[in-house]
Amino acid sequence: MREYTKFYIGGRWVDPAGPDTFEVINPATEELAGRIAAGTAADIDRAVAAARQAFPAWSATTVAERLELLHAIADAYQKRRDDLGAALTEEMGAPAALAHGFQLDLAAGHLGKAIEVLAQFRFSEQRGSTLIVKEPIGVCGLITPWNWPLNQIAVKVFPALATGCTMVLKPSERSPFTGRLFAEILDAAGVPAGVFNLVQGDGAGAGSPLSAHPDVDMVSFTGSTRAGIDIARTAAPTVKRVTQELGGKSPNIVLDDADFAANVGKGVAAVTLNSGQTCSATTRMLVPRTRMAEAVEVARAAAERVTVGDPTGAAEVGPVVSAAQFERIQSLIQQGIDEGATLVTGGVGRPAGLTRGFYVKPTVFADVGNDMAIAREEIFGPVLSILGYDDIQHAVAIANDTEYGLAANVAGADLDQARAVAREIRAGYVSINDGFDFASPFGGYKKSGNGREWGEFGFAEYLETKGILGYAPEDAQA
């Protein structure tokens, strides 16, 4: 059993201010996997003070010095891949292939992209007689979720380091093991004392004090819309910058063409990945109403091929993260049935043969109305809703009829049509045929948040822009 009861503050592993701990439950076995210290406002105070003390020196480092550190982190990260993968499976139930593969590769990819962007980033630019300078914003509070823990740490920590900021990271208390290992990696890579600090704990005990702290200049949060609203309110009195990547109820518009059946099958796979615990998952599949019956049969077959079970084995889908998540998903599945959607496959309860663990049946609903709860609420489980559309404009209207706007996908062989549809969707991250790019901005419209992560767009969130007027004579040529 893991006992992670120290915090990383000021370059050292230190005891917490208080005696309280949180238990971490293995979602596959429902047994105790470990304990972490429960951070308090006093711990946050120490960590923020360390970050503030380190800021002048770190913000003054050169690009070459920051690149050297990021490369050292990349080397240290590769040495701990096996440890990280095992921790992911234990803390959140990610299947071994996913934990040791895509979950780890995402973080490594974002690190590589941060190195690439930093190497060519322009921190100053002369425009006429004015010098435009981009400076690190200061001390950053980084609050990350449990569903893609390494990815979400990576898209915050690496651009913060690259731009010269110092930081305090508070990972989710549901998946804290990877956060601890990440801190060990940065320590091994030689991050200067105080530049990166780790405090574990929950939102009330550690997250709120971090958001409210007057010496924190910026908060970056990924999680639920409800929690994001609370963080914005908590941060408001200090007028700090707040960036948020929040919930989603993303559409997948499947065009009426020769690739229809294949694209329906891919859509099912996208929703079951990571047990459906993905904020950008395209959980509303929009299909031509005239092809609903065909879509139902393809989706049924695809969902029923998915293997669910022990994440340490060969199963494609493991458990969801906690009992609370399991119960919420079960309630929404039942609500879909009660509201009259057609249950194609799956449903309430665990999959056959699984009596322990927070396992959810891959579930498909058809004939879903966009006013139903399963079409409007973020379920965060392997649950797909199939909705019918009459024509493309109707599909776009349904896609945009949501309080969210994080992501979307347009699937079809006609690239010109797919491009035209993608431009009409009100979301921050729109893929055509499941396109992926580490350099793309990632973030949402509406209640899906504000600000952007990934690539050079992620750098902008950690920088202040200063204009120095009269820096050069009016006739100076840059």
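Visitor: In this predicted model, what share of the contacts with a separation of 6 or more joins residues 24 or more positions apart?

Guide: The share is 73% in the protein chain.

Visitor: How many helices and strands does the chain have?

Guide: There are 16 helices and 21 strands. The radius of gyration is 23 Å, close to the 23 Å that the globule rule gives for 478 residues, so the chain is as compact as a globular protein of that length. Along the principal axes, the C-alpha atoms fill a box of roughly 65 × 60 × 40 Å.

Visitor: What fraction of the residues is buried?

Guide: Buried means under 20% relative accessible area. By that cut-off, 57% of the 478 residues count as buried.

Visitor: And the surface: how much area does the chain expose?

Guide: About 18,300 Å². Carbon and sulfur atoms supply 51% of that area.

Visitor: How many charged side chains are there, and how far apart are the centres of the two sets?

Guide: Count 41 positive and 57 negative side chains. The two centres lie 2 Å apart.

Visitor: Let me try one helix. How do I read H5?

Guide: Start with the general idea. An α-helix has 3.6 residues a turn, so residues three or four places apart point the same way. Now the case here. H5 covers residues 102-120, which is 19 residues. From first C-alpha to last, H5 reaches 27 Å, close to the 27 Å expected at 1.5 Å a residue.

Visitor: Which residues of H5 are buried?

Guide: Gln-103, Leu-104, Leu-106, Ala-107, Gly-109 and His-110 are among them. Further along H5, the buried residues include Leu-111, Lys-113, Ala-114, Ile-115, Val-117 and Leu-118. Note the lysine at 113 in that list.

Visitor: What do the buried residues of H5 pack against?

Guide: Five helices: H2 (63-79), H3 (81-92), H4 (96-99), H6 (149-163) and H16 (455-460).

Visitor: Now backbone angles. What sign of phi should I expect?

Guide: Most residues other than glycine have a negative phi. Two cases here go the other way. Phi of Lys-446 is near 50 degrees. Phi of Trp-454 is near 80 degrees.

Visitor: Where does Lys-446 lie?

Guide: Lys-446 sits in the loop between strand E19 (429-432) and strand E20 (449-450).

Visitor: And where is Trp-454 found?

Guide: Trp-454 is in the loop between E20 and H16. H16 is one of the helices that the buried residues of H5 pack against.

Visitor: Is Trp-454 buried or exposed?

Guide: Trp-454 counts as buried, because its relative accessibility is 8%. Lys-446 has 41% relative accessibility, so Lys-446 counts as partly exposed.

Conventions:
Residues numbered from 1 in each chain as written. Predicted model: local features only at pLDDT ≥ 70, side-chain atom pairs only at ≥ 80, totals over all residues. Heavy atoms only, no water. Helix = DSSP H or I, 4+ residues; strand = E, 2+ residues; numbered from the N terminus. Expected span 1.5 Å × (residues − 1). Buried < 20%, exposed > 50% of the residue type's maximum accessible area, 1.4 Å probe, protein only. Contact = heavy atoms within 4.5 Å. Rg over C-alpha atoms; globule rule 2.2 N^0.38 Å. Areas by Shrake-Rupley, 256 points an atom, 1.4 Å probe, with all protein chains shown as cover. Lys, Arg positive; Asp, Glu negative; His and termini not counted. Charge placed at Lys NZ, Arg CZ, Asp CG, Glu CD.
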